[in-house]
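Me: I have a structure open and would like to learn how to read it one feature at a time. Could you walk me through it?

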Amino acid sequence: KNVEGMGKSIDEALSRLTKGISEKWASLKNKVGGAWDATKDWASDKAGDIAAGAAGGAAYGPLGMAAGATLGAIGAYEKLSGKTKDNQLGVYKAFINAGLSDNQARIITAEVGRENSYESKHLFGGHIDPANGKYNLGFLSWQGDRGKNLYNFLNAKGLIEGGKIVQSQAALDAQAEFAVNEIKTISSYKQTKEQFLADPNVSYNKGVEVLGTNYIRWRFKDAK
């Protein structure tokens, strides 16, 4: 009898947990639309929130841990400031405007989040790369001649004022346009053109890998 009662309470607890996930999921998806899946890469960095959620659900077995971890990831996303959420959606829209599919836009938007956490000071500004001491410009941290080319591209569109990138959707659109044009026209990004740009249904893992190793060229393999 005690065992049956325990089983019933676990089932009820899991039901409440699942209901909570469903409600939060629906709420967040309504808020950010297609940009929702772009949080995958970003949320993977929030190990503390996810681990805490998993620990909270551990008493209910593997399913409880999985459910708790999911709520932890959603909680981590909800901690983003309103402006940061707006920036994330703005980046996603920029890549849609540049001609990418919904799927491609989600993947590369996640990469912008990994690069610069959707912070305005990085999306519309620059910073020194701690790895090589070079100056990074814009939401994909363009360096060297690429950074200069981006600056000139933005300046020609009237999106540089006082030496700084204008904080606007137009500036995000222009950066996305610049990125897509690089992929299309520069031979060293042929792999990205063929395996990412040419495939509107590219898988998340494949997209992240080819962007990381061939186009953005961050230390992708070091993260494994």
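Reply: Gladly! Let's begin with Lys193, which is partly exposed, at a relative accessible area of 39%. Keep in mind that this is a predicted model.

Me: Why does Lys193 count as partly exposed?

Reply: The label depends on two cut-offs: buried means under 20% relative accessible area and exposed means over 50%, with partly exposed in between. Lys193 has 39%, so it is partly exposed.

Me: Where in the chain is Lys193 found, and what does Lys193 touch?

Reply: Lys193 belongs to helix α10, which covers residues 190-197. Leaving aside residues up to four places away in sequence, Lys193 touches Ile183, Lys184 and Ala198. With Lys184 there is a polar detail to look at: a polar atom of the Lys193 side chain lies 3.3 Å from the backbone oxygen of Lys184. You can also check a C-alpha distance: Lys193 and Val210 are 17 residues apart along the chain, and their C-alpha atoms are separated by 9.5 Å.

Me: Now a loop, please. Is Asp129 buried or exposed?

Reply: Buried means under 20% relative accessible area. Asp129 has 16% relative accessibility, so it counts as buried. Asp129 sits in the loop between β1 (126-128) and β2 (135-137). Its contacts, not counting residues up to four places away in sequence, are Lys134, Asn136 and Gln143.

Me: How should I think about a nonpolar core?

Reply: The general idea is that in soluble globular proteins, nonpolar side chains tend to be buried together. Here, the largest nonpolar core has 38 residues, and Phe95, Phe139, Leu140 and Tyr215 touch the most other members. Helices α5 (82-97), α6 (102-116), α8 (144-156), α9 (169-185), α10 and α11 (204-215) each supply at least two residues of this core.

Me: Which helix gives the most to this core?

Reply: That is α9, with eight residues. To see surroundings in detail, select Phe139: its contacts, beyond residues up to four places away in sequence, include Val91, Phe95, Val112, Leu172 and Ala176. Polar residues are on that list too, among them Glu115, Asn116 and Gln175.

Me: And how do I read the chain as a whole?

Reply: Start with secondary structure: the protein chain has eleven helices and four strands. Then look at burial, where 42% of its 224 residues count as buried. The accessible surface comes to about 11,700 Å², and carbon and sulfur atoms account for 52% of that. Finally, consider sequence separation: among contacts between residues at least 6 apart in sequence, 58% join residues at least 24 apart.

Definitions and conventions. Residues are numbered from 1 along each chain as its sequence is written. This is a predicted model: local features need pLDDT of at least 70, side-chain atom pairs count only at pLDDT 80 or more; totals for chains, interfaces and linings use all residues. Side-chain values use heavy atoms; hydrogens and water are left out. Buried means under 20% relative accessible area, exposed over 50%, partly exposed in between (1.4 Å probe, protein chains only). Contact means heavy atoms within 4.5 Å. Accessible areas come from the Shrake-Rupley method with a 1.4 Å probe; for residues, only the protein chains shown count as cover. A polar contact is a pair of N or O atoms within 3.5 Å; within protein, one must be able to donate a hydrogen and the other to accept it, and residues adjacent in sequence count only if both atoms are side-chain atoms. A nonpolar core is a set of buried Ala, Val, Leu, Ile, Met, Phe, Trp, Tyr and Cys residues joined through side-chain atoms within 4.5 Å.
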